[in-house]
Amino acid sequence: MQKLCLCGENMSLKLRTVILSGKVEIDNVPIYTCQTCSRSEVIPEVKDDLKGFIQELGEQPKKMNFLFNERNEWANLLVEYKLTKKTAQTAKDQFDQMMKRRTNELLDLYLLAQSLHDHDWLESIVKRLTQLGAQIKSS
Ligand SMILES: [Zn+2]
């Protein structure tokens, strides 16, 4: 969960609020930040989704608040993860476990949506599974 900054220091992962055009507040965006040189970047796992979201908002967005974790599985896991008690040694294991559990949950929902022939739901589940890196055929 750490990344090396261009300045050589470790960047730490934090959930931050991104403000667009002074109007739209997006909470819980996972961002790497460096305390030494203040560089920050959105983690690669959520970058495309965040970009897509900003595009959906268009050029003249209304004033509003969003929880990014409600549409992105990575952000969601990180929010949940932040709430769990942990020690440094087991942190990575714990996160992996949470990710596995969430993937299994989504796979169960996937089967359910499939049996109900609910295509919209199916599509949204596939999207979430893809965010977690799961391979799934949407046909
Ligand atoms: Zn730095």
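**View 1. Cysteine sulfur atoms and the absence of disulfides.** In this predicted model, the number of disulfides comes to zero. A pair of cysteine sulfur atoms would have to lie within 2.5 Å to be counted. The sulfur atoms of Cys-5, Cys-7, Cys-34 and Cys-37 instead appear as donors to the zinc ion.

**View 2. The zinc ion and its four donors.** Which residues coordinate the zinc ion? The SG atoms of Cys-5, Cys-7, Cys-34 and Cys-37 do, at 2.3 to 2.4 Å. The angles among the four donor atoms run from 102 to 119°, and the site is tetrahedral. All angles must lie between 85 and 135 degrees for four donors to be called tetrahedral, so the range of 102 to 119° satisfies that condition. Along the chain the donor residues follow the spacing C-x1-C-x26-C-x2-C.

**View 3. Exposure of the zinc donors.** Are the donor residues buried or exposed? Cys-34 is buried, at 3% relative accessible area, and Cys-5 is also buried, at 5%. Cys-7 is partly exposed, with a relative accessibility of 38%, and Cys-37 is partly exposed, with 34%. The cut-off for buried is under 20%, so Cys-5 at 5% falls within it and Cys-37 at 34% does not.

**View 4. Cys-37 and its contacts.** Cys-37 sits in the loop between E3 and strand E4 (40-42). Leaving aside residues up to four places away in sequence, Cys-37 touches Cys-5 and Cys-7. Cys-37 and Cys-7 are 30 residues apart along the chain, and their C-alpha atoms are separated by 7.2 Å.

**View 5. Ser-21 and Ser-38, two loop residues with positive phi.** Most residues other than glycine have a negative phi. Ser-21 has a positive phi, near 45°, and is not a glycine. Ser-21 is placed in the loop between E2 and E3 and is exposed, with a relative accessible area of 59%. Ser-38 is likewise not a glycine and has a positive phi of about 65°. The loop that holds Ser-38 is the one between E3 and E4, and Ser-38 counts as exposed at 60% relative accessibility. The loop between E3 and E4 also holds Cys-37, one of the zinc donors.

**View 6. The largest nonpolar core.** This core has 33 residues, and those with the most contacts inside it are Ile-26, Val-29 and Phe-68. Two or more residues come from each of strand E2 (10-20), strand E3 (24-33), helix H1 (44-57), helix H2 (73-83), helix H3 (88-115) and helix H4 (119-131). H3 gives the most, with six residues. Where does the core lie with respect to the two domains? Domain 1 (1-69) and domain 2 (84-139) both give residues to the core, so it lies between them. The C-alpha centres of domain 1 and domain 2 are 22 Å apart.

**View 7. The surroundings of Phe-68.** Which residues does Phe-68 touch, not counting residues up to four places away in sequence? They are Ile-26, Asp-27, Asn-28, Val-29, Pro-30, Val-46, Asp-49, Leu-50 and Ala-75. Among them, Ile-26 and Val-29 are, with Phe-68, the residues that have the most contacts inside the largest nonpolar core.

Notes. Residues are numbered from 1 along each chain as its sequence is written. This is a predicted model: local features need pLDDT of at least 70, side-chain atom pairs count only at pLDDT 80 or more; totals for chains, interfaces and linings use all residues. Side-chain values use heavy atoms; hydrogens and water are left out. A nonpolar core is a set of buried Ala, Val, Leu, Ile, Met, Phe, Trp, Tyr and Cys residues joined through side-chain atoms within 4.5 Å. Buried means under 20% relative accessible area, exposed over 50%, partly exposed in between (1.4 Å probe, protein chains only). Helices (H or I, at least four residues) and strands (E, at least two) are DSSP runs, numbered from the N terminus. Domain bounds come from an automatic or database domain assignment. Contact means heavy atoms within 4.5 Å. Donors are N, O and S atoms within 2.8 Å of the metal (3.2 Å for Na, K and Ca); water is not among the atoms, so sites may look incomplete. Four donors count as tetrahedral if all angles lie between 85 and 135 degrees; four count as square planar and six as octahedral if opposite donors are over 155 degrees apart and all others between 65 and 115; anything else is irregular.
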